[in-house]
Amino acid sequence: MPLVVYALGLAIFAQGTSELMLAGLLTAIAGDLGVTVPRAGLLISAFAIGMLFGAPILAILTARWSRRAALLTFMAIFVAAHIVAALTDSYAVLFGTRVVAAFVYAGFWSVAAAGAVAAVPATARARAMSVVAGGLTLASVVGLPLGTWAGQLWGWRSAFWGVAVASGLVAFGVLIVVPHGRPAAPPRVRTELRALATGPVVRLYGTTMLATGAGLAVFGYLGALLTTTTRLPAGWVPVVLGGYGVGMLLGVLLGGRVADAHPTRTLAVGVTGLVLTAAALAGTAHHAIVVIPLVFLLGVFGFVTNPVLNSRVFLLAPAAPTLAAAGNVVSFNVGITVGPWLGGLALGAGFDYPVVAWICVALATAALGVVGWSAVAERHGPPGSAADIPASVHDPCAATAGR
């Protein structure tokens, strides 16, 4: 795997820590800024807003730039936003920095994804994306607890300073290893939009939204479920959530190994596993001895599909290299936003915490239905469109990918 792919994954780790760390800092931020915890929680929504809009807008605005220039610009703004956040005493300013940071982070994601798949042969695209996405998984395993720990020891601002410093250091690696070359031809937005407006791409994005929403519906309330329903001592919650993070990492690694050769089967196995695991969790949520391994499996099955969902659009829409990755970022963040929102609605209506696992089952079942629909459509589509033919057979540019 080229060094540039690992550098991009490390950059996602540094920036992704910021996306996740607020889960352990909300109480401290609320107390310091004199706002309620629910209002502090809106800072998470602010990040989601920035992510939703940043990817497509910045992918278009920087399409004529070299990838290195775009990535470094995004990282510079990201670092500046975190420095301002660490210095401010204003909730409104902090809210604004979260939107700005997420906006450029989404742009980084879309350009990094395009760069990663361009750096490898078509038969290794999913594996390359597993490395890049693995940066966010590593952020959940390492960055989240480190950010929470730093916030507890030195105050929440220290976590923001830590992300700023780490992102600045990683930017030097991006400067060194990412090529400076510019696109051979300017992108045509209308042409790319037409390439994305096809049944296979729409179904892929739909699968991403539903599968991501399913996983986040239960993960967003997992800590509360563990303490309220399973009645685990609070000290055990980080340990169990760490098991979820290990499962995420294992899932991404496994998915990256098999997704290029068997994309549809990987999706089917992963989403089916998510359905069965969430159903088991809903039925056994009061029994810690069962819940703990199920949380690990939620991480595995929730993320084994990630490499396929991140890479397959480049095969389905080769004429949309600029906007394909941006569409992925938007699709993931729609799921990230909608899943917890549905869980909150159900809990607000008076249901107990296991209901979020049932919501996961419902959304994942819908995702599985879309996967099956896609498989049938591809089998009955034009010659060469079968679901599980390796990318090298489909892609006439496979031999020259990344050059």
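A salt bridge here is a side-chain nitrogen of Lys or Arg within 4 Å of a carboxyl oxygen of Asp or Glu. Arg-157 forms one with Asp-32, the closest N and O atoms being 2.9 Å apart. The model is predicted, so local features need pLDDT of at least 70 and side-chain atom pairs count only at pLDDT 80 or more, while totals for chains, interfaces and linings use all residues. Residues are numbered from 1 along each chain as its sequence is written, and side-chain values use heavy atoms, with hydrogens and water left out.

The protein chain has 17 helices and zero strands; both are DSSP runs numbered from the N terminus, with helices (H or I) of at least four residues and strands (E) of at least two. Its radius of gyration, taken over C-alpha atoms, is 20 Å. The globule rule (2.2 Å times the number of residues to the power 0.38) gives 22 Å for 403 residues, so the chain is as compact as a globular protein of that length. Along its principal axes the C-alpha trace spans about 55 × 45 × 30 Å. Of the 403 residues, 52% are buried, where buried means under 20% relative accessible area, exposed over 50% and partly exposed in between (1.4 Å probe, protein chains only). A contact is a pair of heavy atoms within 4.5 Å; among contacts between residues at least 6 apart in sequence, 84% join residues at least 24 apart.

The salt bridge between Arg-157 and Asp-32 connects helix H7 (residues 156-177) with helix H2 (residues 26-33), across 125 residues. Arg-157 also forms a salt bridge with Asp-89, the closest N and O atoms being 2.8 Å apart. Asp-89 sits in the loop between helix H4 (67-87) and H5, 68 residues from Arg-157. Asp-32, Asp-89 and Arg-157 are thus linked in a network of salt bridges. Asp-32 is partly exposed at 43% relative accessible area, and Asp-89 is exposed at 64%. The structure holds three salt bridges; one of them pairs Glu-378 with Arg-312, with the closest N and O atoms 3.5 Å apart. Glu-378 lies in helix H16 (residues 355-379) and Arg-312 in helix H14 (residues 306-316), so this pair ties together parts that are 66 residues apart in sequence. Both Glu-378 and Arg-312 are buried.

A nonpolar core is a set of buried Ala, Val, Leu, Ile, Met, Phe, Trp, Tyr and Cys residues joined through side-chain atoms within 4.5 Å. In the largest, of 77 residues, Leu-8, Ile-29, Phe-108, Trp-109, Phe-160 and Leu-196 touch the most other members. Helix H5 (residues 91-118) gives the most to this core, with 14 residues. A second, separate core of 37 residues includes Ala-211, Ala-217, Leu-232 and Ala-357.

Helix H12 (residues 263-284) contains Leu-281, which is buried at 0% relative accessibility. Not counting residues up to four places away in sequence, Leu-281 touches Val-218, Val-291, Leu-294, Leu-298 and Ala-357. The C-alpha atoms of Leu-281 and Pro-354, 73 residues apart along the chain, are separated by 7.6 Å. Thr-277 also lies in helix H12 and is buried, at 4% relative accessible area. With the residues up to four places away in sequence again not counted, Thr-277 touches Leu-294, Leu-297, Leu-298 and Phe-301.

Arg-231 is in the loop between helix H10 (222-228) and helix H11 (237-258). Its phi is near 60°, a positive value in a residue other than glycine, and Arg-231 counts as exposed at 66% relative accessibility.
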